[in-house]
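Visitor: I should be grateful for a close look at a single part of this model, with particular attention to chain B and the core to which it contributes. Please place that part in its setting before turning to the details.

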Amino acid sequence: MLYIVMQIVLVVLVVSQLIALVRLWRGPTLPDRIVAMDLIAVLTVGTIITTTAGTGQRGLLDAASLIALVGFMGTLAYAWFWLKWRPG
Amino acid sequence: MIVLEWITALLLLIGALFSFLAAVGVLRFPDTLLRMQSSSKASTLGVACLIAGTALQFPEVSVIIRLGALASFMMLTAPLTAHIVARVTLHRRTPLWEGTILNEHEPSECAPGPGAPSDDPSPR
């Protein structure tokens with residue numbers, strides 16, 4: 001039963017990631033793209049955790065922690081770049 | 001343990017629903033600040049529900065400690081990210097939604113609306 005629920009939840013999360021990817025593609029300004037990248041990183045963590053719950057693979061949690069760290073640092077670096085960048 | 005399995009399934013579905021709502025908000029909202037608000041809050045709640053549902057399935061100390069550390073890290077960094085992105089957005093004068101009624105960072109660039117302080121100088 002949990003495996004079927006995991007499949008449903010994974011489909012919903014991947015659809016959410018595709019929606020965030022549409023915002024990443026269309027975003028009129030750079031902060032929109034930063035927000036979309038942050039949301040994609042968070043949803044990736046959710047996808048890995050759902051896979052852990054469905055299959056029982058405990059080693060995937062390290063990958064989830066790593067992606068959470070890299071997503072946070074990447075968002076900070078991207079925002080800092082957008083703050084310091086001057087055109088021309 | 002069938003009860004724990006049902007609770008896990010319910011928490012996973014709730015987390016997926018909130019994550020989906022976060023993505024829809026990021027797509028549909030008209031402004032960077034509104035999108036950031038949707039992304040930070042709803043996705044934090046969704047991932048917290050997913051983590052809680054997963055933690056009920058593993059009666060082991062190491063897995064629960066990792067999941068707790070991950071949940072606390074997400075809950076600590078999501079408001080920080082939202083704050084930094086909001087500050088950068090206001091500092092770089094990213095165009096806001098035309099229905100914004102209060103912009104305390106740049107009061108002159110705010111469109112006059114029903115709640116604007118320039119329209120109603122009397123204290124309420």
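Guide: In this predicted model, chain B contains three helices and zero strands. Read from the N terminus, the elements of chain B follow the order α-α-α. Of the 124 residues in chain B, 35% are buried. Contacts in chain B between residues at least 6 apart in sequence include 53% that join residues at least 24 apart.

The helices of chain B also take part in the largest nonpolar core, which has 48 residues. Ala20(A), Leu39(A), Val45(A) and Ile51(B) have the most contacts inside this core. Two or more residues each come from H1 (2–26), H2 (30–55) and H3 (60–84) of chain A, and likewise from H1 (2–28), H2 (32–55) and H3 (61–91) of chain B. The element that gives the most is H2(A), with 12 residues. In general, nonpolar side chains tend to be buried together in soluble globular proteins.

Leu39(A) shows how the two chains meet in detail. Setting aside residues up to four places away in sequence, Leu39(A) touches Ala20(A) and, in chain B, Ala22(B), Ala23(B), Val26(B), Ser39(B) and Ser43(B).

As to confidence, the predictor assigns the complex an ipTM of 0.90 and a pTM of 0.86. Chain B has an average pLDDT of 84, and 85% of the residues score at least 70. Over residues 113–124 of chain B, however, pLDDT stays under 50, and the model has nine contacts beyond four places in sequence for this stretch.

How values were computed:
Residues numbered from 1 in each chain as written. Chains lettered and ligands numbered in written order. Predicted model: local features only at pLDDT ≥ 70, side-chain atom pairs only at ≥ 80, totals over all residues. Core = buried A, V, L, I, M, F, W, Y, C linked by C-beta atoms within 7 Å. Buried ≥ 20, exposed ≤ 12 C-beta atoms within 10 Å, placed from the backbone. Helix = DSSP H or I, 4+ residues; strand = E, 2+ residues; numbered from the N terminus. Contact = placed C-beta atoms within 7 Å. pLDDT = per-residue confidence, 0-100.
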